[in-house]
Protein chains: 4
Amino acid sequence: MKEKKIKVGVIGAAGYTGGEMCRLLLNHPSVDLIFAQSRSQVGKLLSEVHIDLLGETSLSFTNDYSEQVDVAFMCLNHGESKQLLSNSPINAKHIVDLGNDFRLGDNSDHDFVYGLPEWQRDKIKKAKKIANPGCFATAIQLGLIPLASHGLLSEVHSTGITGATGAGQALQPTTHFSWRANNISGYKTLTHQHIPEINRVLKTLQPNFNFEINFVPWRGDFTRGIFVSSVLNLPQFETDIKTLYENYYYSHPFTYISKTMINLKQVVNTNKCVIHVEIVGKKLIIHSALDNLLKGACGQAIQNMNLMLGLAETAGLKLKPSIF
Amino acid sequence: MKEKKIKVGVIGAAGYTGGEMCRLLLNHPSVDLIFAQSRSQVGKLLSEVHIDLLGETSLSFTNDYSEQVDVAFMCLNHGESKQLLSNSPINAKHIVDLGNDFRLGDNSDHDFVYGLPEWQRDKIKKAKKIANPGCFATAIQLGLIPLASHGLLSEVHSTGITGATGAGQALQPTTHFSWRANNISGYKTLTHQHIPEINRVLKTLQPNFNFEINFVPWRGDFTRGIFVSSVLNLPQFETDIKTLYENYYYSHPFTYISKTMINLKQVVNTNKCVIHVEIVGKKLIIHSALDNLLKGACGQAIQNMNLMLGLAETAGLKLKPSIF
Amino acid sequence: MKEKKIKVGVIGAAGYTGGEMCRLLLNHPSVDLIFAQSRSQVGKLLSEVHIDLLGETSLSFTNDYSEQVDVAFMCLNHGESKQLLSNSPINAKHIVDLGNDFRLGDNSDHDFVYGLPEWQRDKIKKAKKIANPGCFATAIQLGLIPLASHGLLSEVHSTGITGATGAGQALQPTTHFSWRANNISGYKTLTHQHIPEINRVLKTLQPNFNFEINFVPWRGDFTRGIFVSSVLNLPQFETDIKTLYENYYYSHPFTYISKTMINLKQVVNTNKCVIHVEIVGKKLIIHSALDNLLKGACGQAIQNMNLMLGLAETAGLKLKPSIF
Amino acid sequence: MKEKKIKVGVIGAAGYTGGEMCRLLLNHPSVDLIFAQSRSQVGKLLSEVHIDLLGETSLSFTNDYSEQVDVAFMCLNHGESKQLLSNSPINAKHIVDLGNDFRLGDNSDHDFVYGLPEWQRDKIKKAKKIANPGCFATAIQLGLIPLASHGLLSEVHSTGITGATGAGQALQPTTHFSWRANNISGYKTLTHQHIPEINRVLKTLQPNFNFEINFVPWRGDFTRGIFVSSVLNLPQFETDIKTLYENYYYSHPFTYISKTMINLKQVVNTNKCVIHVEIVGKKLIIHSALDNLLKGACGQAIQNMNLMLGLAETAGLKLKPSIF
């Protein structure tokens, strides 16, 4: 007898994360994509907008998301998820919100669970609603939570670089090819919106962590991926930081400790995060890299769905890597 | 009861095509990768050389390829396959050779079948040995065989551009980043080694095709993919060229006719070939695009294996596209 | 006594070609940039919009172009030059129009001279108004006029690729970084607006040239430059095509015949055009490359100014090349 | 009467910095390039190796550097300058060494002056021998010396990214296009060879600066340029850091303070360094950018020559910027 498929829908399916959700869901072995909602593209084939889906699906965009689904993925601009849910509750047993509306605050504010499996997988397994973490937030947190969970964090200086897809599909001067090609620039120095997400998790794990993350974000001249280097003081009493990292991620299927220096493309088009730990003099340096659209967004959303529904954590996420 | 897996090996597994074969085979649902042969990397983990495979496999490179397998993939430099097979026959029921040693000639010379499924799928299904087509050869042939099969070809002018992975892993001046970034250059004008492959197939389909393909290859400043535009005279008596293309590829799961202009990244990291047909005045223009490492090499090799072994033609080739 | 400087103004100075005109004029030893007109940026410093001019000039954008100048450069959208001149004649002794409003037609239509110095330098020297050629038109014409001037042209198949600056500063889907990076696509196949420019010049030189240029334009994933390969039949009776090219360009300071294959970056950030001629079997192949913003636009505009005013043809155009 | 030109020679003229020295010297109005030495390219035309010099010079490479010159530029691998000078003293009134052989140490070790004009212009004016600073060293020092000169430095965390030309012309895995395109990676974390250069200058200016620079270098996926962000504590008693920077660089013709966020391409193909200063909470952030081959190498070498010879500091360095 044929397995019963999980019904899913994507709200906001025409943008970058919306498209990437559709690509993953169409390839997920246990899932049926029931609807792909978009206000701007109603009636068009998915493959007319996401042209790499030519031949993959005959689905068209709809503006109707009333059909009942097991999981709804919300890929909206920041602020819009809260608004949509208060106007017209969606007919879904589980929700994964990829925006930042429910990442902060706690259960007195809302009933979303922060969906970083490497931090709180058991809580996610029991959740109905997930606030999917930000891309930079995921990369920096995965680099630091093993330390924080042992109370070893000191002041952190992180620099991170992100690809153009991180800025979304809207046409902007800083996503114009002629500006961005071969270019590097800073933005939102020490004020990036993911900093509160990061601080919240780190301070929960290590209550005496009295710093703000000093995070300098850069715009990179590539489309996909995030690379972060974080520098902090080497804890005085540790014995083996690298083993601590190995142990922390031992049971987690997507986060790997590399013995050699990592590079960004190592993880592009996968749901992995790779981490490399260095000790130089009295400093500890953590490098981490992930694909901003996958482990930094849609891949992690699938991972959270898998956990909530009791599927294998890696289901639909065994992606052929693409290092070149 | 667990399905019995197909045993496969890769000979020459440390290069670009060797690595891509391993990535595909590790993700193929019906396959067990038994050995990955390399002379230069013996004893190293696959994931030390192909670092994006971190966490995907614990296999190490070996120089021993004596174990019996169902399929052996040969990813050697041109000329080396013939030499290896004459020195030390490999213990495989089926062979797919990704080099150019057996692409030309006929059964009086060797017993390899030219593995272009869109041309001779039935012959491939019965084959034991496959000569896998060249990357440019595949892109140009898929653009032209519907015409040739109806005797509609006239003199063809093709210009094609290829990514740096097409030049292999060896360090060369023209693969130095500082040279190639933001650059375009020509090479092997009208003398590219794939021209005889193309001419052979076209002349088999249309015996009165009395031209050589005029093919101008360019080096592009990207890593993956091939884009070709071919111009020829519009046949005088045809009625509907576009329908002819649609019909030709109707039963082929990887080649698609796009109603709108195609672009290279539409197919990157997939096994697809997309084709767009234009008629302007008295000229017919065929644009075709594919990923040189997949439909132009390793993906097509898997497709040929699937056909030979009676698997679904698309098994292991449902890859998440990666348009950005 | 200090040399008296030539007064110049730029109309439409905020776009890509407008900015490049300012960069060149600010570095030209015999020129004073009097005004930089823009409707959208009135009052802003040039260096606020063209931020690489930080420290080079204290000039601000103005919407007033009434001050008398020796030369006015018009860097407007196609169609706007004609409109502006009919509404409010500009106060300039010489005009160089970088748009396409006056490139076609003849003296019965307007009094602009087509500014391709390698074709009609003497006519340009006596001109007051110049219609500056298109970028693709310049690259293709420089590749073909030595043949046309000897009546040796046959049907031509040209493929050309252009950088993103060729599409201007406006935000469009095809100039979005996430789309264009690592991508190639076709557009305006055999219908590009520069084809009539090219045909007009070629047919003037070789009246029995009865073809249209078959020109396939591609969008490239780089910012600057044009590379074109043109294929035609080798003339039957010629003896030495390469010497014919050498002789044709002997007296021209910016166009060079290269004995080896050319590449695009060889000319980026210079006013040069490099050409490489190949003979393969019975075919003749001409490769040409130039910088679309310089020899394909603003550099050629300066060259035309120099010729009209009796300056050295290369004045202000001895630019440090930038091959990396 | 024609001005008498300064005679110069380049030793090690076939590499990236050697080629860039030739480009600059050929365009310098007061200079005659007498010889371009290379062991590997003896007898070849400069324009056969540096093909963008086609038409610029008829000079050939020589292995003979015995001719007397006013200035010799040494563009050798690190360690080779010292060796060459001890083996066969060169016949030059002034020397600029672009390697790192004489950057450290003091007059008891050698008689080279560290050539950072923004630090010690007057000393350079009287020098005969210059040790030209490293590229990262220049970018970081220019970002920090205004603070150090006022004793305001605290512990510094710098992250910097460099283009592929920084790694030189040799073929290496990390300069292979297929590896480097769209990639980011770290290297030499906190151990880069420029750190001692930086520390020496900062500690000379601020003797109580008791830290090592925490410098994390990254490899970028572009050819030219360096971008650095440095974070430190905001000095407690300062009044106006931005004015302090403005004042410090007021008399220096190549270093500019930008009121808005800078980007890398703003300075590519120029001798400029641009700096942007931000204050966020109790932190001070300094961003700096320069072209590694110009202000980070050959442009600064010319600047040092100009100062030693009493020429205008900017002579030969008024380069057309190239922001796209």
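Colleague: How many of the seven residues of strand 2 (residues 31-37) of chain C are buried?

Modeller: First, this is a predicted model, in which local features need pLDDT of at least 70 and side-chain atom pairs count only at pLDDT 80 or more, while totals for chains, interfaces and linings use all residues. Residues are numbered from 1 along each chain as its sequence is written, and chains are lettered from A and ligands numbered from 1 in the order in which they are written. A residue is called buried if 20 or more other C-beta atoms, placed from the backbone, lie within 10 Å of its own, exposed if 12 or fewer, and partly exposed in between. Strand 2 of chain C is largely enclosed by the rest of the structure, because the number of its seven residues that are buried is six.

Colleague: Which residue of strand 2 of chain C is the bridge partner of Gly9(C)?

Modeller: Strands here are DSSP runs of E with at least two residues, helices are runs of H or I with at least four, and both are numbered from the N terminus; two strands pair if DSSP finds at least two bridges between them. Strand 1 (residues 6-11) and strand 2 of chain C run parallel and are joined by six bridges. Within this pairing, Gly9(C) has as its partner in strand 2 of chain C the residue Phe35(C).

Colleague: What is the handedness of the β-α-β crossover from strand 1 to strand 2 of chain C?

Modeller: The chain leaves strand 1 of chain C, passes through helix 1 (residues 16-27) and arrives at strand 2. The rule is to look with the strands pointing away from the viewer: a clockwise path from the first strand over the helix to the second counts as right-handed. For this crossover in chain C, the result is right-handed.

Colleague: Which residue of strand 3 of chain C stands opposite Gln37(C)?

Modeller: Strand 2 of chain C also runs parallel to strand 3 (residues 61-62), and two bridges join them. Opposite Gln37(C), in strand 3 of chain C, stands Thr62(C).

Colleague: Turning to chain A, which element gives the largest share of the side of domain 1 that touches domain 2?

Modeller: Domain bounds come from an automatic or database domain assignment, which divides chain A into domain 1 (6-131 + 295-309) and domain 2 (135-292). Their contact takes 15 residues from domain 1 of chain A and 25 residues from domain 2 of chain A, with residues in contact if their C-beta atoms, placed from the backbone, lie within 7 Å. Helix 4 (117-125) and helix 9 (294-309) of chain A are the elements giving two or more residues to the domain 1 side. The largest share, six residues, comes from helix 9 of chain A.

Colleague: And which residue of chain D comes closest to the rotation axis relating chains D and B?

Modeller: Superposed by least squares on the C-alpha atoms of residues with pLDDT of at least 70 in both, chain D lies on chain B with an RMSD of 0.0 Å after a turn of 180° and a shift of 0.0 Å along the axis. The two copies are therefore related as by a two-fold rotation axis. At 2.1 Å (C-alpha), the residue of chain D that comes closest to the axis is Phe177(D).

Colleague: How many residues of chain A are in contact with chain D?

Modeller: 100% of the interface residues of chain D are also interface residues in chain A, so these copies meet through the same surface. Chain D gives 32 residues to this contact, and the number from chain A is 32.

Key. Contact = placed C-beta atoms within 7 Å.
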